[in-house]
Amino acid sequence: MMKSTIRKSTYQAIYRLLDLVSPVPFDCGNLCNAACCNCGNDDEDLGIYLLPGEDKLHLHDESWLHWSSEKAEDFDFPDSWKGKVYFVRCKTPPICPREKRPMQCRTFPLTPHIDDNEVLSLVWNDTALPYECPLIEEEFPLDPKFIQATYTCWKHLIRDPLIYDLVKQDSKDRDLEE
Ligand code: SF4
Ligand code: SF4
């Protein structure tokens with residue numbers, strides 16, 4: 001796995017902070033049959049990738065997860081990403097140990113963006129997805145506590161050069177598409 005500068009204890013603190021918040025004050029999975037938790041179906045492409053170092057929080061034999069690893073170079077990750085990237089898929093979505101959800105689940109439906117002036121913001125997740133998220137489609141007002149906590153966590157995470165490179169690459173791609 002790639003060397004991460006984010007300590008396990010920092011990831012734990014991030015998870016704990018995000019455990020306290022939710023994008024909306026109701027179970028939005030009822031709106032869409034938990035469309036974003038679809039990685040348990042047969043489509044192998046729908047894995048959740050773990051950020052560099054995030055794998056330290058998860059056991060490879062956890063009963064609710066399938067693990068796989070791929071070479072970063074084989075995917076559209078930044079050039080600085082070299083070596084193993086871990087992908088996980090849930091066995092019984094949308095049921096999972098909530099306190100163990102990976103960062104990719106926790107930040108959705110937002111995603112971090114770094115602009116040309118190096119200012120970090122959160123924007124709607126605009127990745128081409130094989131499903132529609134009603135929160136994104138309707139630009140549903142999200143809980144400010146969720147937005148604040150998620151922002152704080154990304155502010156810490158992008159101090160890691162590899163995570164910074166990922167967010168910056170996605171942001172540049174986004175700007176080009178606009
Ligand atoms: S975040 Fe969006 S896609 Fe996921 S459960 Fe909520 S409404 Fe559905
Ligand atoms: S970890 Fe939980 S929230 Fe994330 S995709 Fe799996 S079942 Fe859904």
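Which residues of α5 are buried? They are F146, A149, T150, C153, W154 and L157. The model described here is predicted.

**Helix α5**

Helix α5 spans residues 144-157, which is 14 residues. From its first C-alpha to its last it reaches 20 Å, close to the 20 Å expected at 1.5 Å a residue. Its buried set comprises F146, A149, T150, C153, W154 and L157. These residues lie on the same side of α5, because they cover an arc of only 135 degrees around the axis. The cover over them includes the helices α1 (8-19), α3 (103-107) and α6 (161-177). Strands β4 and β5 also contribute to that cover. The face turned away from the buried side carries exposed residues: P144, K145 and Q148.

**The β4-β5 hairpin**

Strands β4 and β5, part of the cover over α5, form a hairpin with 5 residues between them. β4 covers residues 110-114 and β5 covers residues 120-124. The two run antiparallel and are joined by 5 bridges. T111 of the hairpin stands opposite V123 in β5. In the turn, E118 has a positive phi of about 65 degrees.

**The open sheet**

A sheet of 3 strands is open, in the order β1-β3-β2, with antiparallel pairing. β1 (48-49) and β2 (65-71) each have a single partner strand, so one side of each is left without a neighbour in the sheet. β2 pairs with β3 (residues 84-90) over 7 bridges. Within this pairing, H66 has R89 in β3 as its bridge partner.

**Two ligand shells**

Which residues surround ligand 1? The shell holds C28, G29, C32, A34, C36, F108, C133, P134 and L135. Two helices, α2 (29-32) and α4 (134-137), each supply at least two residues of this shell.

Ligand 2 is surrounded by C37, I48, W64, C90, P93, P94, C96, R101, P102 and C105.

The make-up of the two shells is set out below.

| Shell | Nonpolar | Polar | Charged |
|---|---|---|---|
| Ligand 1 | 8 residues | 1 residue | no residues |
| Ligand 2 | 9 residues | no residues | 1 residue |

The shell of ligand 1 thus has no charged residue, while that of ligand 2 has no polar one.

Technical notes: Residues numbered from 1 in each chain as written. Chains lettered and ligands numbered in written order. Predicted model: local features only at pLDDT ≥ 70, side-chain atom pairs only at ≥ 80, totals over all residues. Heavy atoms only, no water. Pairing = 2+ DSSP bridges. Helix = DSSP H or I, 4+ residues; strand = E, 2+ residues; numbered from the N terminus. Near = heavy atom within 4 Å. Nonpolar A, V, L, I, M, F, W, Y, C, P; charged D, E, K, R; others polar. Expected span 1.5 Å × (residues − 1). Buried < 20%, exposed > 50% of the residue type's maximum accessible area, 1.4 Å probe, protein only. Arc of directions from axis to C-beta. Contact = heavy atoms within 4.5 Å.
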